[in-house]
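Dear colleague,

I am passing on the structure below, and my notes on it follow directly after. Please read them with the coordinates open beside you.

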Amino acid sequence: MMKNVHLAPEADEDDLYSGYNDYNPTFDTEDLENDPAFQQAVKTSHGRRPPLTAKVPGTSSSRTLATGYGSKTTLSSSIGRPMTAAVQDGVARPMTAVQAAGYTKAASRGAAFDPLGQARGPAPPLETKNEDSPEGKIKQLEKKVNELVEESCIAHSCGDLKLALEKAKDAGRKERALVRQREQTMSPANINLDLTHTVMYCLAGMLKVNMANIYLKQRNYSKAIKFYRMALDQIASVHKEIRIKIMQNIGIAFIKTGQYTDAINSFEHIMSTSPNLKAGFNLILCYFATGDRDQMKKAFQKLIAVPLEIDDEDKYMSQGASSYVVQTDRKATAEKYIMTAAKLIAPAIETSFAVGFDWCVEVVKASQYIELANDLEINKAITYLRQKNFNQAVETLKMFEKKDSRVKSAAATNLSFLYFLENEFTQASNYADLAVNSDRYNPAALTNKGNTIFVNGDYEKAAEFYKEALRNDSSCTEALYNVGLTYKKLNRLDEALDSFLKLHAILRNSAQVLFQIASIYELMEDPNQAIEWLMQLISVVPTDSHALAKLGELYDNEGDKSQAFQYYYESYRYFPSNIEVIEWLGAYYIDTQFCEKAIHYFERAALIQPTQVKWQLMVASCYRRSGNYQKALDTYKMIHRKFPDNAECLRFLVRLCTDMGLKETQEYAAKLKRVEKLKEIREQVSWVGW
């Protein structure tokens, strides 16, 4: 067993691994086919047997083992190191390593043990990457494409659509150059197909989508459609969700251009492959635009059949509020689409909107949205109300009196409102009571009940109903507005102001709220604050003649005639029939000695109130004040013919005729005496009767 092991003489100080780098015919692989030892090792398990070892039991001292070339090494193992090149059948077995790992000649001479080579110092610096190589150029080009895509997205998010479009186009050009360069410099086997697919998907497909979105924002719908279609060609069919969204955008772009037939094709494809609420609603809009009744009905049925996409796990989860919120939002969105679609197509699918509503109600009743049927019926009544067909509205709502409490309360609330508009306050109060009794937490019902009490003058009780409505729904703006009016009627101005200021925080641009705040400040004798709030009001509604007139009145009370004239004049421009404004403007011109300009306003007042003699007398007075006595005389004569018993007109006729030396003086004087005598007789008769 040890016949092939030869002990080397200890005096041999030759190199421990000398001869390893010399060529040995044993390593000549060309003659392996004729090597009987090698062929035996391949055909049998001979080559897999463990190598022979030299064991020296019971010692831990260092012993030397000879290698196949007569060199020696030092062993520290108690069982000996495995042979690395035993001689079998007269043929030396090839060595397994050119240089032993961690063992050198220096180690045998007492040098420090350093198996990791730490004494050799730091590793040399990495070789500098050559960016001019084809691989470096490809990496740089790919990096540039990614940077351009990122810059395009950033520019789009900042609203710079032009820059975003340019960056996207540049990225598209460089991406095509990248693909060509990869094909030229790499063999098909070395091209990373996954990376190529990713680049095509992200930079070709999604880039086209982003460019199409930009064109859509710019209202360049033809180019948007073109790029959306290019994106569809480049995005694989496995990305179903993205393709559906792109097709939906294509349909919307077609709607924008009025190409409803093409839009219908897009939405019909979506509804046949992956139906959703938006596509279904848009499909209904397209058929409504084309006036196709039958297709509107079919599209509505498809919309009703769209699943809510709530899986069983989400549907029956009891813990956590997030899943419930998601389900509620989805259902609310679906109901919104269905209600809007029904209200849209109901008047168009049948000969009358009532028949159309009935068809929609029947379809809804047979679907998963059965609870929407009652809401559609109530909307039918509201449509009657908008058409001012109160009888039909009332008849429709009365059908709900025997329904469940929620529906009954909603119907009774609408009935109460209808009767309130018709000034039938008793009926309004009865239905308000029915609504409140059916649902005490209905803020609209409580508000209606408060309104019926308000018109009867019981402001304290009305305020209680309004406050209860606010406790049930703090965002009920109608109740908050009405409680402010109630406090104003009760002269509790601080509470009224507080209510309207709260409402102003909710409805920032409500003209009614702004006017009420200004009115309360005026009642509180704070004209500066009143003017400030009225200025806010006319910034919201600059053509409100009443607000402008109120500003003129406040400035007039403050003694600022020029500002008062400015706002009164603006008020007259927008509404030239306000007698109070006309009278103020006429009087202003008389006070400023521009009587000729005052004539225009008093003539306007005479047209508005032809039976009021004072406006015509003011016209004649303006002529007289301006020195046009003949025109004044003619005007007074015309007034006398219309109002022969007017004593003031006769007095001015007598004065003018006397000043002008006319012979009609005696005639008008006699008439004046007769009129004055008749006036005395009437006063005496009324005194006796008293």
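On disulfides, the count in this predicted model comes to zero. For Cys595, the closest cysteine sulfur is that of Cys622, and because the two sulfur atoms are 5.4 Å apart, they are too far from each other for a bond, the cut-off for a disulfide being a pair of sulfur atoms within 2.5 Å. Cys595 has a relative accessible area of 7% and is therefore buried, and Cys360, at 0% relative accessibility, counts as buried too.

Turning to the repeats, the unreviewed UniProt entry places the feature "repeat: TPR" at residues 244-277, 443-476, 477-510, 511-544, 545-578 and 579-612. I looked at two of these spans. Residues 244-277 are 82% helix and 0% strand, with the end C-alpha atoms lying 13 Å apart, while residues 443-476 are 76% helix and 0% strand, with 7 Å between the end C-alpha atoms.

Helix α18 (residues 443-454) packs against helix α19 (residues 459-472) at an angle of about 170 degrees, the axes being 8 Å apart, which means that α18 is roughly antiparallel to α19. On the α18 side the contact is made by Pro443, Leu446, Thr447, Lys449, Gly450, Asn451, Ile453 and Phe454, and on the α19 side by Tyr459, Lys461, Ala462, Phe465, Tyr466, Glu468, Ala469 and Asn472. By residue class, the contact of α18 with α19 comprises nine nonpolar, four polar and three charged residues.

With best regards

Notes: Residues are numbered from 1 along each chain as its sequence is written. This is a predicted model: local features need pLDDT of at least 70, side-chain atom pairs count only at pLDDT 80 or more; totals for chains, interfaces and linings use all residues. Side-chain values use heavy atoms; hydrogens and water are left out. UniProt positions are given in the numbering used here, feature names are shortened, and annotations may be inferred rather than shown by experiment. Helices (H or I, at least four residues) and strands (E, at least two) are DSSP runs, numbered from the N terminus. Axes are lines fitted to C-alpha atoms, for helices over the stretch in contact, and angles run from 0 to 180 degrees between N-to-C directions. Angles under 35 degrees count as roughly parallel, over 145 as roughly antiparallel, 65 to 115 as roughly perpendicular and the rest as oblique. Contact means heavy atoms within 4.5 Å. Ala, Val, Leu, Ile, Met, Phe, Trp, Tyr, Cys and Pro count as nonpolar, Asp, Glu, Lys and Arg as charged, and the others, Gly among them, as polar. Buried means under 20% relative accessible area, exposed over 50%, partly exposed in between (1.4 Å probe, protein chains only).
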